[in-house]
Amino acid sequence: MSHAVRTNKGRTQQAGFTVAWCHEKSRRSESIQLRKALVRHTQTSGAKLVCLKKAKHFVEWCSQITKPCVLLTDWREIKQCMDAIDSGVASRPIFTAVFCVDVKQQNKVQRWASSLPYRPDPIYIFLDPASIELTVPSLLSHAMQVLNNTGVTVQEEMQALPMSD
């Protein structure tokens with residue numbers, strides 16, 4: 001089922017996707033503030049948030065879904081998630097966002113991602129999991145635009161983000 005979402009310009013856009021947050025701490029009490037922010041952002045976009053602890057849970061969940069999804073994850077889970085997607089076991093997300101804990105990890109993810117063959121579901125890599133709350137609204141807007149086939153890139157969306165000092 002698709003949801004209509006009213007934009008700030010008064011237009012209605014179709015949504016109807018799920019955001020899968022695959023992270024070992026996604027259900028822990030230490031992540032409650034971030035989880036609440038993600039729920040708020042996903043609801044604003046007409047989406048639904050699903051918290052999954054491990055890649056194996058993502059694979060199980062993703063093999064049963066019928067509507068589009070966006071994957072938010074980290075370095076620990078990304079390889080297993082992509083292996084399942086590439087083998088056809090799991091549905092292909094609109095895109096995947098990987099949040100890294102430091103520059104060293106970000107470099108590892110970038111090297112790994114650059115070694116992958118072309119994929120229709122891009123992988124976006126971000127430094128600092130704390131930035132997830134600032135980044136997610138633009139990512140969700142991008143997902144809605146992809147679903148509505150408006151062709152705006154995530155890079156264009158990210159340029160609209162407020163810069164922090």
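How many salt bridges does the count come to by the distance rule used here? The count comes to six, where a salt bridge is a side-chain nitrogen of Lys or Arg within 4 Å of a carboxyl oxygen of Asp or Glu. Before we walk through some of them, a word on what you're looking at. This is a predicted model, so local features need pLDDT of at least 70 and side-chain atom pairs count only at pLDDT 80 or more, while totals for chains, interfaces and linings use all residues. Residues are numbered from 1 along each chain as its sequence is written, and side-chain values use heavy atoms, with hydrogens and water left out.

Start with the overall layout. The chain's secondary structure comes to six helices and seven strands; these are DSSP runs numbered from the N terminus, with helices (H or I) of at least four residues and strands (E) of at least two. Reading from the N terminus, the order of elements is β-β-β-α-β-α-β-α-β-α-β-α-α. Of the 165 residues in the chain, 48% are buried. Here buried means under 20% relative accessible area, exposed means over 50%, and partly exposed is in between, with a 1.4 Å probe and protein chains only.

Now back to the charged pairs. As a general point, side chains of opposite charge can pair when their charged atoms come close. Take Lys54 and Glu77, whose side chains meet in a salt bridge at 3.1 Å, N to O. Lys54 sits in the loop between strand S4 (48-52) and helix H2 (55-62), and Glu77 in helix H3 (residues 75-86), so the pair ties together parts that are 23 residues apart in sequence. The two partners differ in cover: Lys54 is partly exposed at 31% relative accessibility, whereas Glu77 is buried at 2%.

Next, have a look at Asp86, which has more than one partner to follow. Asp86 forms a salt bridge with Arg119, their closest N and O atoms being 3.0 Å apart. That pair links distant parts of the chain, with Asp86 in helix H3 and Arg119 in the loop between H4 and strand S7 (123-127), 33 residues apart. Asp86 also forms a salt bridge with Arg92, where the closest N and O atoms are 3.6 Å apart. Asp86 is partly exposed at 41%, and Arg92 is partly exposed too, at 38%. Arg119, on the other hand, counts as buried at 11% relative accessibility. Put Asp121 into the picture and you have a network of salt bridges linking Asp86, Arg92, Arg119 and Asp121.

Which residues gather in a patch of positive charge on the surface? They are Lys79, Lys104, Lys108 and Arg111. Such patches are made of residues with over 30% relative accessible area and no salt bridge, with like charges joined within 9 Å and nonpolar side chains (Val, Leu, Ile, Met, Phe, Trp, Tyr) within 5 Å. Helix H4 (residues 103-114) gives the most to the patch, with three residues. Arg111 has its place in helix H4 and is exposed, at a relative accessible area of 54%.

Further along comes helix H5 (residues 132-147), which offers a neat geometry check. The expected span is 1.5 Å times one less than the number of residues; for the 16 residues of H5 that should be 22 Å, and the end C-alpha atoms are indeed 22 Å apart, which agrees. Buried residues in H5 include Ile132, Val136, Leu139, Leu140, Ala143 and Met144. It helps to recall that an α-helix has 3.6 residues a turn, so residues three or four places apart point the same way. Val146 also belongs to helix H5, but is partly exposed, with a relative accessible area of 40%. Val146 and Phe95 are 51 residues apart in sequence and 9.8 Å apart in space, C-alpha to C-alpha. Just after H5, Asn149 takes a positive phi of about 60 degrees.

Two more contacts across the sequence round off the tour. Gln33 is in helix H1 and counts as exposed at 56% relative accessibility. The C-alpha atoms of Gln33 and Glu133 are separated by 9.8 Å, with their positions 100 residues apart along the chain. Arg27 lies in the loop between strand S3 (18-22) and helix H1 (32-44), and counts as exposed at 61%. For Arg27 and Cys51, 24 residues apart along the chain, the C-alpha separation is 6.5 Å.

Note on methods: Accessible areas come from the Shrake-Rupley method with a 1.4 Å probe; for residues, only the protein chains shown count as cover. Lys and Arg count as positive and Asp and Glu as negative; His and the chain ends are not counted. The place of a charge is taken as NZ of Lys, CZ of Arg, CG of Asp or CD of Glu.
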